[in-house]
Amino acid sequence: MHIETRIPVLQGLTFDHALMWFSELNQRGILFHPDDDPAQIVTIATGKRTFSDIEISQARSVVDALFQELGDAVYEAAYPVFQRALGLQLDA
């Protein structure tokens, strides 16, 4: 049985893999801050949870694995993706 999910597969546990994972979330329109619990994220227009139960589990698993391997560098990997998503110029 194949379950449809929007959470991208994490290809590895390096800084670049984390950066690509956050970038893919952004491209799919589901970017979230790594400190946020995916179960608590709602779509403003509908007031409903953004992620399905399986997506919540997958997102938590990826974020946990990234923090285990990279520690606070997870924030550094997500930073440029958030900057671009907000239309802000990246630091030089």
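The side chains of Glu24 and Arg28 meet in a salt bridge, with 2.7 Å from N to O. This pairing belongs to a predicted model, in which the count of salt bridges comes to 4. The briefing below covers these charged pairs, the nonpolar core and a patch of negative charge on the surface.

**Salt bridge Glu24–Arg28**

- Glu24 counts as partly exposed because its relative accessibility is 26%, which falls between the 20% limit for buried and the 50% limit for exposed.
- Its partner Arg28 is likewise partly exposed, with a relative accessible area of 39%.

**Salt bridge Arg6–Glu55**

- A salt bridge joins Glu55 to Arg6, and the closest N and O atoms of the pair are 2.8 Å apart.
- This pair links distant parts of the chain, since Glu55 belongs to helix α2 and Arg6 to the segment before α1, 49 residues apart.
- Glu55 has a relative accessible area of 5% and is therefore buried, the limit for that class being under 20%.
- Arg6, by contrast, is partly exposed, with a relative accessible area of 34%.

**Salt bridge Asp37–Arg60**

- Arg60 forms a salt bridge with Asp37, in which the closest N and O atoms are 2.9 Å apart.
- Arg60 is in helix α2 and Asp37 is in the loop between α1 and α2, so the pair ties together parts that are 23 residues apart in sequence.
- Both partners count as partly exposed: Arg60 has a relative accessibility of 37%, and Asp37 has one of 29%.

**Nonpolar core**

- The largest nonpolar core consists of 20 residues.
- The residues with the most contacts inside this core are Ile7, Trp21, Phe22, Leu25, Phe32, Phe51 and Leu66.
- Helices α1, α2 and α3 (73-85) each contribute at least two residues to the core.
- Helix α2 provides the largest share of the core, namely 5 residues.

**Negative patch on the surface**

- Asp35, Asp36, Asp72 and Glu76 gather on the surface in a patch of negative charge.
- One of these residues, Asp36, is located in the loop between α1 (15-27) and α2 (53-70).
- Asp36 counts as partly exposed because its relative accessibility is 40%, which lies between the limits of 20% and 50%.
- The 40% of Asp36 is also over the 30% that a residue needs in order to be part of a patch.

How values were computed: Residues numbered from 1 in each chain as written. Predicted model: local features only at pLDDT ≥ 70, side-chain atom pairs only at ≥ 80, totals over all residues. Heavy atoms only, no water. Patch = residues over 30% accessible without salt bridge, like charges linked within 9 Å, V, L, I, M, F, W, Y side chains within 5 Å. Areas by Shrake-Rupley, 256 points an atom, 1.4 Å probe, with all protein chains shown as cover. Lys, Arg positive; Asp, Glu negative; His and termini not counted. Charge placed at Lys NZ, Arg CZ, Asp CG, Glu CD. Helix = DSSP H or I, 4+ residues; strand = E, 2+ residues; numbered from the N terminus. Buried < 20%, exposed > 50% of the residue type's maximum accessible area, 1.4 Å probe, protein only. Core = buried A, V, L, I, M, F, W, Y, C linked by side-chain atoms within 4.5 Å.
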